[in-house]
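Trainee: I am new to this structure and would like a close look at a single part of it. Please start from one residue and then show me how its surroundings fit into the rest.

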Amino acid sequence: MKLSGPPDISGRTPTRLRAAAALALLLLASAGSRAAGDDDDEGPWVRVPGRHRLAGPAAVAGPVGESVMLVVALRARNPLGLAARARAVVDPRSRHYQRWLTPRQVGDAFGATAATVDAARRHWERWCRTDRGGDVYEYEFDLYSRPEPTARLFMWVNCAVAAAEAALNTTLVAVQADGGAGFYAPATPPMLPAGVARHVAGVAGLNNLRRLRGRSLSARRPPGAGAAAGAAQASEAPCGEPPVPNPAARAHHLTAARLRRLYSLGDARALNGSGVRVAVATFETIDTCDLSKYAALNELDPVPEPELMDVVLPEGDSTETAVNVELIAAVAPRAQAVVYQRPDNNEAAELLLMNAIANRNSEAVVLATWGHGEEPNDGGDMFATVLQQMTVQARHARCPRAAGMRAAGRGRARARRRPAADAARPPRRAALRRAALRRRAQGQTVIVASGNCGPWGETPDGSCPQPGAPGAARGVGHPQNQPWVTAVGGTTPTLWMSDAWAGEAAWPRSGGGASRSVPRPPWQAPLRGQLDDPAHRSVPDVAAAANPDVWPHEIVRAGDLGLAGGTATSASVWAGFAALVAQCRQQRGLPRIGLLNGPLVRAALAAAALPPDARPLRDVVAGGAGEHAARRGWDPVTGVGSLQGERLLEVLCR
């Protein structure tokens with residue numbers, strides 16, 4: 001063995017040591033430079049991941065506005081783990097069943113690292129500084145004045161158009177579509193410096209070609225309806241007196257009392273939604289006096305005034321929002337509606353609304369009745385991430401290992417080896433295990449409308465195509481194609497003289513069918529023998545009254561009496577019912593139920609052999625929508641059926 005010589009005490013460093021020291025200093029300098037963000041914007045520019053709708057030949061030169069709101073999807077540390085966790089929390093066989101997480105735990109386990117957040121923030125602050133007319137929101141709460149930790153999945157950037165173009169190396173141009181008013185799109189694919197692009201999973205908001213439409217349909221004006229002359233001025237109430245309906249015409253409307261009797265919801269004094277908050281995502285304004293007048297007209301208990309979580313109050317129509325909050329109140333009059341509004345209508349605004357609801361995390365039920373046609377991989381992955389967050393998280397988590405989800409992927413592998421591990425537990429042991437879970441868990445239940453186009457997929461702007469027209473295709477729209485939502489179709493009910501349920505047929509315009517791109521979710525596996533396309537997500541899941549011509553829903557809009565239908569009405573009814581389920585489970589000390597679809601499928605299959613009056617869900621076997629016919633079991637018009645309220649509550653509240 002070769003021995004080293006005596007140490008050098010002359011003050012000179014040996015050559016090898018000098019080289020090692022120089023290398024160490026170089027590495028430290030490089031690390032410091034990277035930490036400081038000096039090299040994030042260096043290097044070649046590369047394309048931003050994802051599909052981007054570009055301006056086509058119809059693009060013209062012209063202004064596209066002063067600023068643009070962008071949604072930047074951050075590169076999550078474990079996106080597959082988040083998807084696996086979302087599947088596990090709704091699977092009764094999994095050890096993670098109904099073990100919800102808080103937004104902070106979602107961020108710690110699956111969200112972006114601090115380095116990713118810093119790198120993205122530095123890039124956007126460089127181009128969209130306040131002195132350039134922009135703002136960078138690291139956390140979505142900044143928009144709603146709630147400075148609490150979030151899941152760190154997205155970043156919001158309000159940027160001047162010129163600065164956004166420079167930051168993404170593209171140009172936004174006007175597009176001639178639907179008259180050419182207010183539409184824009186990028187002329188070239190957006191790009192980012194390679195050092196920044198590795199921290200970004202996608203960018204939304206560079207075009208507004210996909211606008212969402214409400215799924216409510218206005219019916220004819222009720223004969224003889226209107227506000228009492230001079231009532232508003234003479235009344236001491238701030239909102240005035242409710243409209244005076246025509247008694248003869250009202251006998252054929254779905255009033256609040258008639259709706260509760262139709263679906264066997266019992267006395268509103270027993271279960272009324274008290275203590276439950278329901279989020280309503282909308283792109284319309286709201287007149288809170290309409291809800292007050294609706295409650296007075298239907299003799300409901302004092303209904304809580306909706307909370308408005310708006311950034312900038314939008315202007316214009318209020319029909320969709322009125323349908324949402326009033327029909328929720330008809331079913332659950334004491335539930336607190338929380339209205340999230342955006343004045344801009346595009347996929348970035350939709351992501352902002354839904355992720356703000358997810359990160360604020362104070363509502364047990366979420367209702368969104370806006371949508372558009374399905375386009376594969378066009379922002380759907382970003383929206384699915386929001387829904388997965390809603391599926392897995394809670395208001396409060398008391399599970400000591402809840403945040404330790406580094407092994408989420410390994411947990412999925414273990415589930416394959418032991419598919420029935422939880423099911424094999426002794427009943428008492430399983431009960432004790434469930435009792436040890438946190439009691440105030442709040443997995444969010446998301447309710448959406450299935451659309452009003454029957455078997456035909458909606459166009460990108462949400463309208464219904466003419467059958468046989470160029471580009472018309474069968475399919476479903478967005479967001480009902482997502483696996484983490486409960487999509488509600490429509491029916492035409494028949495009532496006895498006592499207002500009790502006498503029968504139900506499929507509404508001919510109830511949207512349904514199979515997605516062209518979203519695979520079949522796990523909870524639809526037991527239905528695979530009934531699905532038209534066993535490989536893809538099939539819609540709807542359930543149904544309720546939605547025909548605007550036969551038994552339309554009574555609403556108050558702009559102070560006047562109106563009638564409405566469409567799957568926005570049926571979805572609002574189910575959102576009110578979900579509030580009753582949340583209240584019932586809260587009273588019994590049970591965790592929130594979260595995604596309804598799995599329990600609904602299991603309830604429908606378990607009760608298939610029972611007499612129809614004893615089933616928790618009413619199987620709709622009459623009528624159809626186009627080529628889709630209602631049939632026994634699941635069908636692509638009404639799902640597994642409509643609700644028989646009291647019996648279904650018994651199933652879902654245990």
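Mentor: Let us start at N207, which is buried with a relative accessible area of 9%; buried means under 20% relative accessible area, exposed means over 50% and partly exposed lies in between, using a 1.4 Å probe and the protein chains only. Please keep in mind that this is a predicted model, in which local features need pLDDT of at least 70, side-chain atom pairs count only at pLDDT 80 or more, and totals for chains, interfaces and linings use all residues. Residues are numbered from 1 along each chain as its sequence is written, and side-chain values use heavy atoms, with hydrogens and water left out.

You will find N207 in the loop between β9 (200–204) and β10 (213–214). Helices (DSSP runs of H or I, at least four residues) and strands (DSSP runs of E, at least two) are numbered from the N terminus. Not counting residues up to four places away in sequence, N207 touches R53, Y184, A185, P186 and N346; contact here means heavy atoms within 4.5 Å.

From N346, one of those partners, you can step on to helix α12, which covers residues 347–360 and holds A349. A349 has 1% relative accessibility and therefore counts as buried. Leaving aside neighbours within four places in sequence, A349 is in contact with F283, R342 and D344. The C-alpha atoms of A349 and R211 are 9.8 Å apart in space, although the two residues are 138 apart in sequence. In the loop between α12 and β15 (365–368) sits N361. N361 is buried too, with a relative accessible area of 2%, and has a positive phi near 60 degrees without being a glycine. Most residues other than glycine have a negative phi, and most peptide bonds are trans.

Other places depart from that pattern as well. E299, in the loop between α10 (288–297) and β13 (307–308), has a positive phi of about 55 degrees. Unlike buried N361, E299 is exposed, with a relative accessible area of 73%. N169, just after α5, has a positive phi of about 55 degrees. As for peptide bonds, the one from H478 to P479 is cis, with omega near 10 degrees, and P479 lies in the loop between β18 (477–478) and β19. Another cis bond joins V539 and P540, with omega about 0 degrees; P540 is in the loop between β22 and β23.

Now for α5 itself. Six of its eight residues are buried, so α5 is largely enclosed by the rest of the structure. Those buried residues are V161, A163, A164, E165, A167 and L168. Two packed helices are described by the angle between their axes and the distance between the axes. The axes of α4 (114–127) and α5 (161–168) come within 9 Å and cross at roughly 135 degrees. Axes are lines fitted to C-alpha atoms, for helices over the stretch in contact, and angles run from 0 to 180 degrees between N-to-C directions. The two helices are therefore oblique to each other: angles under 35 degrees count as roughly parallel, over 145 as roughly antiparallel, 65 to 115 as roughly perpendicular and the rest as oblique. H123, W124 and W127 of α4 make the contact with A163, A166, A167 and L168 of α5.

A second helix pair is α11 (319–331) with α16 (567–587), whose axes come within 8 Å and cross at roughly 40 degrees. That angle makes α11 oblique to α16. On the α11 side, the contact involves E320, V323, N324, L327, I328 and V331. α16 in turn is among the elements that the buried residues of α17 pack against, together with β19, β22 and β23.

Finally, here is the wider setting. The protein has 18 helices and 29 strands, and 57% of its 654 residues are buried. Among contacts between residues at least 6 apart in sequence, 80% join residues at least 24 apart.
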